[in-house]
Amino acid sequence: MNTDSCAASAPVVSTAELDRLGDEIAELSAHLDAASGRLLDLIREFDAREGWGNGFRSCAAWLTWRVGLDPGAARERVRVARALGTLPGLAHALAHGELSYAKVRALTRVATPETEERLLGVGRAGTAEHVERIVRAWRRVDRNAEAAEAARHHKSRALHVYQDEDGMVVVRGRLDREAGAVLIQALAAARETLYRQTKNVSAETFPADVSVEPPTMAQQQADALGLIAETALHHGMDPGSPSERYQVVVHVDAAVLEDPDAPGQSVLDGTHVSAETCRRLACDASRVVMRHDADGKVVEVGARTRTIPPALRRVLQHRDRGCRFPGCGLPFGQGHHIQHWANGGPTTLSNVALLCRRHHRAVHEDGYQVERLPDGALRFRRPDGRVLPDVPSPAPVPTDPVHTLRAHHDAHRVVVHARSAMPSWLGERLDVGWAIDVLHPLAIGSATNE
């Protein structure tokens, strides 16, 4: 093999040409980062104004549907966009192509308004790898500090119960957040049961020699704690199964289920709810039919049955594999009757669809509509009648997007060039422990080795 001839036939590329090509790559990358800054500004404004609220559960879910982002990438864009709302230095650097999106994304995981300036210096000086390593070490310090604080709080938990000189029992203590939240909820429920917001308090409640005035909040709390203790002992400390604790009973007249405008009752645990809410709850629930006579007395009670039988539910889960609302896809949901069973709709696979709780409500109470087409596909419509497609139409793209991007930045006086995002790193070894000691306000004097 003649190596001399191969070498002679290879194209000769000048160093100047390669430098020009490299500069063009760097400049265009900086333009794209600057455009990312503008994109995040738009996402933050769209999110704050809840532009995604027309049927979507979050801004990230809307981005997944409308822009085609991976759900994880969409959530990350929203997170970074929100963070930059309080970090003007990082936002400005990204919008002018001085920091890459990768660096900004990493820095927003730890930056606060107080630490932004020093972290901005890290982004300008180091490579993306340097930034990631420093951020990881920074987060370890944060986690260690948070864990230490949580341990201190947990260790300080205490409850003191003792009898005072006059025979009264004194209770004083500190609970961790979880136990405290449970206690507060339990006290509120017990207080409501005892007093119904003081409506049930009467003269017979108190001895004759006591002033007949509603108990104070502190007195109600004391009585509520006693009820909690009695209830716990009565039930043998058994909180009961989840199905018993969270069962909701709805009473609704058949005429109201058939026609929400018809007269009749629709009551949930004693409180009136809209007929459409009852129709939604009845879509996928246990059903007991009761017949009343003219005086309202119950004359017949049927057996409890599932609106959607277990066998059909398994097939429905297998077919739909999540919420069918465009852009959702949550893996769990409720069975929705496309034509309600109260209006004669059959409980068959072709007449039911899986919807998450939010989108089931959207179809019933918020005016969205769904229908099954002859080919078996579902078509959703917004409350104004416009079709909500599974995949939106692509956004228009200019013939020369690079030229358009550069012209846009020129018009807004965003000066971007090949060295806009170049770090000032000179090749020295990164000492992460020293960097964290210098930068992190909680790590002064304590080395952090990666």
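This briefing describes the overall make-up, one sheet, the salt bridges and a nonpolar surface patch of the structure shown above. The model is predicted, and the chain in it has 450 residues, of which 29% are buried. Its secondary structure comes to 17 helices and 14 strands. The topics below move from the chain as a whole to single residues and their partners.

**The chain as a whole**

- The accessible surface of the chain comes to about 28,600 Å², and carbon and sulfur atoms account for 55% of that area.
- Among the contacts in the chain with a separation of 6 or more, 55% are between residues that lie 24 or more positions apart.

**A three-stranded sheet and a salt bridge beside its strands**

- One open sheet has 3 strands in the order β12-β13-β14, and the pairing in this sheet is antiparallel.
- The edge strands are β12, covering residues 369-372, and β14, covering residues 387-388, each of which pairs on one side only.
- Strand β12 is joined by 4 bridges to strand β13, which covers residues 378-381, and these two strands run antiparallel.
- Within this sheet, V370 stands opposite F380, a residue of β13.
- E371 and R379 form a salt bridge through their side chains, with a nitrogen-to-oxygen distance of 3.0 Å.
- E371 counts as partly exposed at a relative accessible area of 30%, and R379 is likewise partly exposed, with a relative accessibility of 29%.

**Salt bridges within helices**

- The structure has a count of 18 salt bridges, and side chains of opposite charge can pair in general when their charged atoms come close.
- In one of these salt bridges R20 is joined to E17, and the closest N and O atoms of the two residues are 3.0 Å apart.
- Both R20 and E17 belong to helix α2, which covers residues 15-48, and they are 3 residues apart in it, which is about one turn of the helix.
- R20 has a relative accessible area of 41% and is therefore partly exposed, while E17, with a relative accessible area of 38%, is also partly exposed.
- The pair of R20 and E17 does not stand alone, in that E17, R20 and E24 are linked in a network of salt bridges.
- Another salt bridge is made by the side chains of R279 and E276, with 3.5 Å from N to O.
- R279 and E276 both lie in helix α13, which covers residues 275-283, and here too the separation is 3 residues, or about one turn of the helix.
- R279 counts as buried because its relative accessibility is 10%, and buried means under 20%.

**A nonpolar patch on the surface**

- Seen from the outside, L159, V161, V169, V171, L175, L183 and L225 make a nonpolar surface patch of about 610 Å².
- The elements that give two or more residues to this nonpolar patch are the strands β1, covering residues 158-163, and β2, covering residues 169-174.
- L225, one of the residues in the patch, lies in helix α10, which covers residues 217-234.
- With a relative accessibility of 37%, L225 counts as partly exposed.

Methods
Residues numbered from 1 in each chain as written. Predicted model: local features only at pLDDT ≥ 70, side-chain atom pairs only at ≥ 80, totals over all residues. Heavy atoms only, no water. Salt bridge = Lys/Arg side-chain N within 4 Å of Asp/Glu carboxyl O. Buried < 20%, exposed > 50% of the residue type's maximum accessible area, 1.4 Å probe, protein only. Patch = residues over 30% accessible without salt bridge, like charges linked within 9 Å, V, L, I, M, F, W, Y side chains within 5 Å. Areas by Shrake-Rupley, 256 points an atom, 1.4 Å probe, with all protein chains shown as cover. Contact = heavy atoms within 4.5 Å. Pairing = 2+ DSSP bridges.
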